[in-house]
Amino acid sequence: MCGIAGSVTWRNQGASLDTFDIARLAYRGPDALTTLASDALPQPPARIRWKLAHARLSILDLAANANQPMCTPDGRYWLVFNGEIYNNGPLRAELTGLGHRFTTDHSDSETLLHACIHWGKAALERLNGMFAFVFIDNLEGTLLAARDRMGIKPLYFRLADGVFSFASEPKAFTGPRRVNKPELLGFFNFLQVEGTATFYEGLEKLPAAHLLELRDGTAPRPQRWWHPLQAAPNGRDLGDARPCMDLLREAVDLQMVADVGVGTYLSGGLDSSVITALASKGHPVNTFSIGFEEGIPGYASELGHARAVADHLRTKHHPITISPEEYLLAQKRVFRILDEPIANSACGPLLLLSECARAEGVKVCLSGEGADELFIGYRHWHDARRVDNYLRTAPRWAWKALYPAMPLLRRRKPQWAAWMQRHLRHQYIIWGGIDAMGMQHQQALFSPGFMAQARDPYGIACASYDAPACRHADLLQRLSAFDLHFHLPEYLLARVDRMSMAASIEARVPFLDHRLVEQAMRLKLDLLTGPSGQKLALKQFARTLLPASIIDRPKVGFEVPMQKVLNAKEALRHRDLLLAMDDALGIYAPGFRKQLASGNITGKLLWPHFVLANWWNIHIAGN
């Protein structure tokens, strides 16, 4: 796990390659910080010039000759790589049998280098892991960049003045920064931006499961190389969940491999508890949990549940209790770290957990992200399926005629009514795990000018739902596939990556082993949901590992008492910050701006605006 950066040019041979500063990513890899330029080689390449940089967090093969940038002995092939290849051993053995010779003891970076040499982009299909890398062939003057199937590791890029630059995070790029204003509306819809777009003009990101091939300075055009449903051409055809659970066991075993200490993030919920139970078999495991102090109205801590799991599994447990004031202090540190805003309220607590893990000598933590997307753990997804099935029992014109006479539905089930409205507009009724703010609500908040220049936030969502791989998919499969390649990479997984790396911790996500994903997407629905609840297959498997009190309790995400954190006093304290952002960007309607100025917008309603304003203040205004 590391930070990477670089710049490459083909046609503009006199161009400056000083387009990045790897020191800005030193926390991602404090064990070795290296920059190397092709001009410094004994025989500089004729077709390409480059500068590559790497910040290393040493996890596997701690020797110095496993540092990067990495090259072959003849200096032809070069690699910078962020991530882990979990099938490193078998892949290295196969390459050895094919005649490749290795100079490191067991570095997965060197294995990846030789895999790219031997198979080219076809090597991607053989990799089990999380990765973002750039591979260069000096002789041919070519570049291959790729991001892992699930988008666990980030990769940003830009092309300016004939120079292609890339980095693990936007902060590594030098030069002025301008807000990509048309994308901000999508932030309020999905708490992220879509596709290749970012919050900055001229800066793009490589989406999950995409690659770039560059030669002679051609414009970068990302290509998809994998889809979660490509192994499910016949829809849901698996009636046995046991192979999935065998793959989960294997994924955890593979991801426990490290030359450093390994622990888990343990919330006390089903997903992290299952991962911890599998990780602790035969291994001494450190577990880390966090929650708010008792006595906050409306807040129920999960620390007791996490302690019960830790006691049952006999882990070395490290609980952290924080106050709302300590939460805000941590979150303000988060705002400095995040050069793209992530409006996930668990960022601050995850940063504190990661710092605690590092202080205990742990450098790798396993996390439970992805289980809800695979095993359909979101209750509102099941509600949407019921509504969708019901709406299909009559033609749209009939529902359109009935809708005005359904005030009770709109009052008691506003989400159902919103789904019905989308159906009447010939749209899919639900847009994945985050659909934070509907378009009608936005029109009351934002200025007409801002709305007019904004990109349609549902454009890429529709394209994803209608992808060829979704041809035979049901609604829940489409939701899973959409979230796995949209919501997870740039929201939940981005949160995990940035907060763990800020503490120099490598976070791993066993539920997102691609083999498990492919199998889980094919499970028949009666294995996932029924009268007894949701996520049935995982719960049945968990009964061999955990007490029923953990398995059968209601699902609760990590809760932040936001009304207590962002109360009226805090809203007034940050009023000038919000108004200064609006002065610069002009996004709010006069009525909503007035509400912000009076401190009437608090708690969860204020949260996304508060997050965006802090990002603008630090990373755009430079404060």
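In this predicted model, the count of cavities of 30 Å³ or more comes to seven. The largest cavity has a volume of about 120 Å³. Its lining is made up of 14 residues, and the closest to its centre are Tyr-156, Phe-199, Glu-340, Pro-341 and Glu-490. Sorted by character, the lining of the largest cavity holds eight nonpolar residues, one polar residue and five charged ones. Helix α17, which covers residues 475-502, gives the most to this lining, with three residues. A helpful picture for such spaces is a probe the size of a water molecule, which is rolled over the atoms to show where empty space is left.

The sheets come next. Strands of a sheet pair through backbone hydrogen bonds, and the pairing may be parallel or antiparallel. Both kinds can be found here. One open sheet has five strands in the order β15-β14-β13-β16-β17, with parallel pairing. Its edge strands are β15 (316-322) and β17 (506-508), each of which pairs on one side only. On average, neighbouring strands of this sheet are turned by 30 degrees against each other, direction ignored. Strand β16, residues 362-366, runs parallel to β17 and is joined to it by three bridges. At this junction, Val-364 stands opposite Glu-506 in β17.

Two helices lie across strands of this sheet. Helix α7 (residues 324-337) lies across β14 and β15, and it runs at about 100 degrees to β15. Helix α5 (residues 270-279) lies across β13 (261-265), β14 (286-292) and β16, and its direction makes an angle of about 155 degrees with β13. How many of the ten residues of α5 are buried? The count is ten of ten, so α5 is largely enclosed by the rest of the structure. The buried residues of α5 include Leu-270, Val-274, Ile-275 and Leu-278, and also Asp-271, Ser-272 and Thr-276.

Another open sheet has six strands in the order β2-β3-β1-β9-β8-β10, and here the pairing is antiparallel. The edges of this sheet are β2 (32-37) and β10 (204-205), each pairing on one side only. Within the sheet, strand β1 (residues 2-9) and strand β3 (residues 49-56) run antiparallel and are joined by eight bridges. As an example of these bridges, Ile-4 has His-54 as its partner in β3.

Strand β6 (residues 129-137) deserves a paragraph of its own. Nine of its nine residues are buried, so β6 is largely enclosed by the rest of the structure. In a regular strand, side chains alternate between the two faces of the sheet. In β6, Gly-129, Phe-131, Phe-133, Phe-135 and Asp-137 point one way, while Met-130, Ala-132, Val-134 and Ile-136 point the other way, and all of them are buried. Strand β5 (residues 77-85) runs antiparallel to β6 and is joined to it by nine bridges. One of the residue pairs here links Gly-83 with its bridge partner Phe-131 in β6. Six bridges also join β6 to strand β7 (residues 142-147), again in an antiparallel arrangement. Here Ile-136 has Leu-143 as its bridge partner in β7. The hairpin of β6 and β7 has four residues between the strands, and in this hairpin Gly-141 takes a positive phi near 70 degrees.

Some backbone details remain. Most residues other than glycine have a negative phi, and most peptide bonds are trans. Against this background, which residues are joined by a cis peptide bond? They are Gln-68 and Pro-69, with omega at about 0 degrees. Pro-69 lies in the loop between β3 and β4 (70-71). Asp-61 is also found in the loop between β3 and β4, and it has a positive phi of about 55 degrees although it is not a glycine. Is Asp-61 buried or exposed? Its relative accessibility is 4%, and because buried means under 20%, Asp-61 counts as buried. Lys-535 has a positive phi of about 60 degrees, although it is not a glycine. This lysine lies in the loop between β19 (533-534) and α19 (536-542). With a relative accessible area of 6%, Lys-535 is buried.

Asn-389 offers a contrasting case of accessibility. This residue sits in helix α10 (residues 379-391), and at 42% relative accessibility it counts as partly exposed. Asn-389 and Ile-460 are 71 residues apart along the chain, and their C-alpha atoms are separated by 24 Å.

Terms used. Residues are numbered from 1 along each chain as its sequence is written. This is a predicted model: local features need pLDDT of at least 70, side-chain atom pairs count only at pLDDT 80 or more; totals for chains, interfaces and linings use all residues. Side-chain values use heavy atoms; hydrogens and water are left out. On a 1 Å grid over the protein atoms alone, a cavity is a set of points where a 1.4 Å probe fits but cannot get out, and a pocket is an open set with protein on both sides within 12 Å along at least five of seven lines; lining residues have an atom within 4 Å of a point. Grid points are joined across faces, edges and corners, and a volume is the space filled by probe spheres set on the points. Ala, Val, Leu, Ile, Met, Phe, Trp, Tyr, Cys and Pro count as nonpolar, Asp, Glu, Lys and Arg as charged, and the others, Gly among them, as polar. Buried means under 20% relative accessible area, exposed over 50%, partly exposed in between (1.4 Å probe, protein chains only). Two strands pair if DSSP finds at least two bridges between them. Axes are lines fitted to C-alpha atoms, for helices over the stretch in contact, and angles run from 0 to 180 degrees between N-to-C directions. Contact means heavy atoms within 4.5 Å.
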